[in-house]
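Here's a quick tour for anyone about to set up calculations on this chain. Have a look at the sequence and the fold before reading on.

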Amino acid sequence: MDLQRHDFQLSELVEKIKKNDNRLVALQVPEGLKMQALEMMDKIEADSEAKVILAADPCYGACDLVHDKMKMMGVELVAHMGHSQMNIDSGMPTHFIPVTYDGDPEIEPVIEILLKHKAMAEHRLMEIENDINPVITENEGKARFLDAVGRITPLKGNKLGLVGSIQHLHLLEEYKERIEKIGFEVVIPVGGERLTLPGQVLGCNYSGDRDDIGHYLFLGSGDFHPIGLVMHTGKPLALLDPYNGEASEMSLQRIERILRQRFGLIMAVDKSNSFGILIGEKPGQMRRNLAIRMKRLLEKHNKKGYLLALDHVSPDLIDFYPVDAFVNTACPRIAIDDSVRYAKPLITPFELEVALGEKKWESGYQFDEIP
Ligand code: SF4
C-alpha cells in the first residue's frame, strides 16, 4: 500500500482529544494499516496530553467497534480509522478517522467493459418485457438460482450505478461527470442507514441498489466488495482500481461457482437434524432476533437449534460441537467466503429457509444483507 498517497486526517482527532481533555484514547485501525499504527500513536501522543492504547485485535469494519472492555480499562474515547459510522451504538464515544487515497485512474480502459455490460442490461430488459409467462417450474427456479446475473426482477432501466470503497468515494462525483460525457446515464446510489456516504458499499450491505440500475462500476481494489455486489444485485460489474489504474470485470463464472457451492450446501443440510446457530458479539454483527427466529423455524420443522454467541468465528471454535451443520447470523461473509474452511456445512439464514422449504428457489439467490 502506497502510504504517502493516503491522507489519514489525524488533526481533527487531536483537536477533539484536546477539546474533551481526554487522557486515555483507544486507537482501532484496519488490518492493512497496523504496521503504521505505532507511528500514529506517537503522533497523537506528541500533539496532545492523551495516552493511546492500540486495540490490537483484528478489525475488518465499523461493525467491530471496541466497547465494554475498553470502558473497563478507563478509555474515554475510541478513535476508529478507515471505516465510516454505522447505525449502531457501541456505548463508547467514538471518533471516525477518514482515510482517503489520491489515485485518479483514467476511465478509458474500462469503457469497453461498460458498453458490454450496458448491452447485457438492455438484453435483460427486453427479456423481462417479453416474459409473458412469469410462472416457472422448480427446475427452472433452480437454474435461476445458479444464474450469476439476471436472476432478480424487476429491472426497470440500464443506468450505470457508480460505487466505491470508502477511501475512493471522494472521486465519485467527478467520475460521474466524466462517464456521463461519454454517453452513459450514471447514478451514485444512496443506501440505507448502515451506509453513511453516497456510493458506499460494504461487504454486507448494498442497499443503494435500485431497479433502474442495470450494471455497476466499482472504484476500488480487491474482490471482497465486488463478489458481494454481484451476488446481491445479480447485475454485471466493472472494476477500476485507483491503485494501479487497471480495469477488469467481476467474473460471472466465479460468481456461478460460489452459487453452485451454496446450492450444494443447501442440499447437504436437507437431512440435518441439529444446527449450531452462530450469533456475532460484535456490535454491528449482532442479529439476536434473526438467530432466535432461525431457532423457532428449526423447531417448527422438528429440528434442534443451539444458539452459540462468539466474538470471532473460526473453525477451531465451532467445528467440535456435535451438531450436523451451522447457521451463521454474524458477519454474512463468514458463510459465503470461508465455508470451505469448516468441517460441517455453514449456511446463511436464507439458505436454511430454502433448505426447509420456507423459501422457494424461483426468486433466485438472496444475499444475506445486514440492513
Ligand atoms: S461485511 Fe462483515 S466485517 Fe464487513 S462491515 Fe459487514 S459485518 Fe462487518
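What follows goes through the domains, then the sheets, and ends at the ligand.

## Domains

First, a heads-up: this is a predicted model. The domain assignment cuts the chain into domain 1 (3-99), domain 2 (108-250) and domain 3 (260-363).

How far apart are the C-alpha centres of domain 1 and domain 2? They lie 33 Å apart. The two domains do touch: seven residues of domain 1 are in contact with eight residues of domain 2. On the domain 1 side, that contact patch has two nonpolar and five polar residues, with no charged ones.

## A β-α-β unit

Strand S2 (residues 24-28) runs parallel to strand S3 (residues 51-54), and four bridges hold the pairing. If you want a handle on the register, leucine 24 has lysine 51 in S3 as its bridge partner.

Put helix H2 (residues 37-47) together with S2 and S3 and you get a β-α-β unit, which is right-handed.

## The five-stranded sheet

Next up is an open sheet with mixed pairing, its five strands ordered S8-S7-S9-S10-S11. Why does one side of S8 and of S11 lack a neighbour in the sheet? Strand S8 (186-187) and strand S11 (247-249) sit at the edges with a single partner strand each, so one side of each stays free of a neighbour there.

At the S11 end, S10 (residues 237-240) pairs with S11 in the antiparallel sense, over three bridges. Leucine 240 stands opposite alanine 247 of S11.

Helix H6 (residues 172-181) lies across three strands of this sheet, namely S7 (159-164), S8 and S9 (213-219). Relative to S7, the helix runs at about 155°.

## The four-stranded sheet

There's also an open sheet of four strands in the order S13-S12-S14-S15, and here the pairing is parallel. Strand S13 (304-310) and strand S15 (346-347) are its edge strands, pairing on one side only.

Inside the sheet, strand S12 (residues 274-280) and strand S14 (residues 325-328) run parallel and are joined by four bridges. One register point to note is isoleucine 277, whose bridge partner in S14 is valine 327.

## Around the ligand

Which residues surround the ligand? The list is Tyr60, Gly61, Cys63, Leu202, Gly203, Cys204, Gly284, Gln285, Cys331, Arg333 and Ile370.

By class, this shell splits into six nonpolar residues, four polar ones and one charged one. Cysteines turn up in the list as Cys63, Cys204 and Cys331, and glycines as Gly61, Gly203 and Gly284.

Note on methods: Residues numbered from 1 in each chain as written. Predicted model: local features only at pLDDT ≥ 70, side-chain atom pairs only at ≥ 80, totals over all residues. Near = placed C-beta within 6 Å. Nonpolar A, V, L, I, M, F, W, Y, C, P; charged D, E, K, R; others polar. Pairing = 2+ DSSP bridges. Helix = DSSP H or I, 4+ residues; strand = E, 2+ residues; numbered from the N terminus. Axes fitted to C-alpha atoms, helices over the stretch in contact; angles between N-to-C directions. Right-handed = clockwise from strand over helix to strand, strands pointing away. Domains from an automatic or database assignment.
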